[in-house]
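Open the model in a viewer and keep the sequence panel visible. The stops below are given in the order in which to select them.

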Amino acid sequence: ICVSDLSMDCNAHTVSRGGVEIHLSAKEYALLEYLMYNQGNVLTKENILEYVWGLDGQFVVDNTVSVTINRLRKKIETDAGSPIYLKNVFGLGYKLECV
């Protein structure tokens, strides 16, 4: 799966940007995979919790998605404070944009 220069090899479970491999935790990888499969679509925190953590996120605190999104941004974005890929859609959730 590719979004601009960000690519994911689902068979090898690797992610790279501009040909440089990015090391992600299992949850970061699952989150990015979900976002990449749904690129351009807004995903709610509830959708993300259910897909990444399962069981509707029963045992996960409320800000877990936000924290994981921020960790992922720091790894895939050039400037995490001004993201070009991983966007927050105010009041709705998150989406991965094609740049």
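Start by selecting L49, which sits in helix α2, residues 45-53. This is a predicted model, and all that follows should be read as such. With a relative accessible area of 14%, below the 20% cut-off, L49 counts as buried. Now add V65 to the selection: 16 residues separate it from L49 in sequence, yet their C-alpha atoms are 7.0 Å apart in space.

**α2 against α3**

Which residues of α2 and α3 meet here? Show side chains for K45, I48, L49 and W53 on the α2 side, and for T64, V65, S66 and T68 on the α3 side. By class, this contact of α2 with α3 has four nonpolar, three polar and one charged residue. Next, look at the two helices as rods. The axes of α2 and α3 are 10 Å apart and make an angle of about 80°. An angle of 65 to 115 degrees counts as roughly perpendicular, so α2 and α3 fall in that class.

**Along α3**

Select the whole of helix α3, residues 64-76. Its 13 residues reach 18 Å from the first C-alpha to the last, close to the 18 Å expected at 1.5 Å a residue. Colour the buried positions of α3: T64, V65, S66, T68, I69, L72, R73 and I76. Two of the names to keep in view are T68 and I69, which return at the next contact.

**α3 against α1**

Bring in helix α1, residues 26-37. At what angle do α1 and α3 pack? The angle is about 80°, and the axes lie 10 Å apart. α1 and α3 are therefore roughly perpendicular to each other. To see the contact, select E28, L31, L32 and L35 in α1, then T68, I69, R71, L72, K75 and I76 in α3. Sorted by class, the contact of α1 with α3 consists of six nonpolar, one polar and three charged residues.

**Along α1**

Stay on α1 and draw a distance between its end C-alpha atoms. They are 16 Å apart, which agrees with the 16 Å that 12 residues should span at 1.5 Å a residue. Is α1 largely enclosed or largely open? Nine of its 12 residues are buried, so α1 is largely enclosed by the rest of the structure. The buried set is E28, Y29, A30, L31, L32, E33, Y34, L35 and M36.

**C10 and its contacts**

From α1, move to C10, in the loop between β2 and β3. C10 is in contact with I1, Y29, E33 and Y37, leaving aside neighbours within four places in sequence. Its relative accessibility is 23%, so C10 counts as partly exposed. For a longer distance check, pick K75: the C-alpha atoms of C10 and K75 are 18 Å apart, with their positions 65 residues apart in sequence.

**H13 in the same stretch**

Remain in the loop between β2 (6-9) and β3 (14-17) and select H13. Check its backbone: phi is positive, about 55°, although H13 is not a glycine. Is H13 buried or exposed? At a relative accessible area of 53%, over the 50% cut-off, H13 is exposed.

**D5 and its contacts**

Go back along the chain to D5, in the loop between β1 and β2. A relative accessible area of 33% makes D5 partly exposed. Not counting residues up to four places away in sequence, D5 touches S16, R17, G18 and Y85. Draw the C-alpha distance from D5 to G18: the two are 13 residues apart along the chain and separated by 5.2 Å.

**Last stop: confidence**

Colour the protein chain by pLDDT. The mean is 86, and 93% of the residues reach 70 or more. Where in the chain is confidence lowest, and where is it highest? Strand β1, residues 2-3, has the lowest confidence, with a mean of 78, while α1 has the highest, at 93.

Definitions and conventions. Residues numbered from 1 in each chain as written. Heavy atoms only, no water. Helix = DSSP H or I, 4+ residues; strand = E, 2+ residues; numbered from the N terminus. Expected span 1.5 Å × (residues − 1). Buried < 20%, exposed > 50% of the residue type's maximum accessible area, 1.4 Å probe, protein only. pLDDT = per-residue confidence, 0-100. Axes fitted to C-alpha atoms, helices over the stretch in contact; angles between N-to-C directions. Parallel < 35°, antiparallel > 145°, perpendicular 65-115°, else oblique. Contact = heavy atoms within 4.5 Å. Nonpolar A, V, L, I, M, F, W, Y, C, P; charged D, E, K, R; others polar.
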